[in-house]
Amino acid sequence: MTAPAASPTARSGHLTDLASLLVLATLWGGSYSFIKLGVETIPPITLIAARTLIAGALLFVIIRWRGLTLPRDPVIWRRFLIQACLNSAVPFTLIAWAETSVDAGLAAILNAGSPIFAFLISLLLFRSEAAAGRKLFGVAAGMLGVCLIIGVEALSGFGRELWAQLALVAAAACYGGAALFGRNFKGLDPIMPACGSLICGAVILIPFSLVFERPWTLSPSTASIQALLALSVFSTALAFILYFRLIDRIGTVGTTSVAYLRVPAGVAIGVLFLGERLSPTAWAGLALVIVGVCAMTLPGRKPKGG
């Protein structure tokens, strides 16, 4: 029998979800350009401390507006603290430091392998992922893309830019670990770990900012302040709201497609608004990373029933 055609309401819902997914990819892809502008006059730790504080405060206001309260269980807050290290404080700071010498577009590419690292960590530590041929191909393609980009830089010696590129890969590994650790928050409204981890991230970073970067002595430019506000409000707080809404509507697998949609978005924004240019090697690495992450995240075909 022919399957019934989707109703206009269902089609409208699908289009809304697709639009939300593209907006989310743009918000997260744009974060690399916002960071690039921010670190021009705001040191990395201070920039990220402010980002997590502002975004966490906004999410807290939304929680209160919804009539909810954050959990009070110390065990949950210890998990928030671990998630903050994996998902905000450490990777955000690594990315911001790296972008003091690396272009935003290249940062988006090197930071896109988080699904690959999530698979590898799960396979090595928990052995809970089936080593399917498609996923192994995705791992190989993604890692080859990263090596293609970084390997050329390594030929000229271990300079500052190489370490910055490795920091971006380390940030992607942190995101992979965060995706796995996030399973500990099942049963909680998704906005709770988002807000709690951002608040914990701010608590971790603010003392380092005060001691090492003395933010009261800074004179940030208007462009950097605007980039910080856009990064906090749009690429963090609003992005989290869209992200959790999409998980509720289209599920985890569909939402993870943003991992590769944000790469071309981040590269395009860097090229259009910051005047960046990618080398031929970086373009080749970009193609391999996108292929690899697609292979890792797109759902496979379901076997036909007997």
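**Two buried serines, a helix crossing and a loop arginine**

At a relative accessibility of 4%, serine 33 counts as buried (under 20% relative accessible area, with exposed meaning over 50% and partly exposed in between, for a 1.4 Å probe and protein chains only). The model is a predicted one, in which local features need pLDDT of at least 70 and side-chain atom pairs count only at pLDDT 80 or more, while totals for chains, interfaces and linings use all residues. Residues are numbered from 1 along each chain as its sequence is written, and side-chain values use heavy atoms, with hydrogens and water left out.

Serine 33 belongs to helix 1, residues 8–38 (helices are DSSP runs of H or I with at least four residues, numbered from the N terminus). Beyond its neighbours within four places in sequence, serine 33 is in contact (heavy atoms within 4.5 Å) with Ala104, Ile269, Gly270 and Leu274. Of these partners, glycine 270 lies 237 residues from serine 33 along the chain, yet their C-alpha atoms are separated by 5.9 Å.

A second serine, at position 114, is in helix 5, which covers residues 114–126. Serine 114 is also buried, its relative accessible area being 11%. Not counting residues up to four places away in sequence, serine 114 touches Ala172, Tyr175, Gly176 and Arg262. From C-alpha to C-alpha, serine 114 and alanine 173 are 5.8 Å apart, with their positions 59 residues apart in sequence.

Attention turns next to a pair of helices. Helix 3 (residues 74–98) packs against helix 8 (residues 191–213) at an angle of about 65°, and their axes are 7 Å apart (axes are lines fitted to C-alpha atoms over the stretch in contact, and angles run from 0 to 180 degrees between N-to-C directions). That angle makes the two helices roughly perpendicular (65 to 115 degrees). Among the residues making the contact are Trp77, Phe80 and Phe92 of helix 3, together with Met192, Pro193 and Ile204 of helix 8. By class, this contact has 13 nonpolar, six polar and no charged residues (Ala, Val, Leu, Ile, Met, Phe, Trp, Tyr, Cys and Pro count as nonpolar, Asp, Glu, Lys and Arg as charged, and the others, Gly among them, as polar).

Finally, arginine 214 sits in the loop between helix 8 and helix 9 (222–255). Arginine 214 is partly exposed, at 45% relative accessible area. Most residues other than glycine have a negative phi. Arginine 214, by contrast, has a positive phi, near 45°.

Conventions. Parallel < 35°, antiparallel > 145°, perpendicular 65-115°, else oblique.
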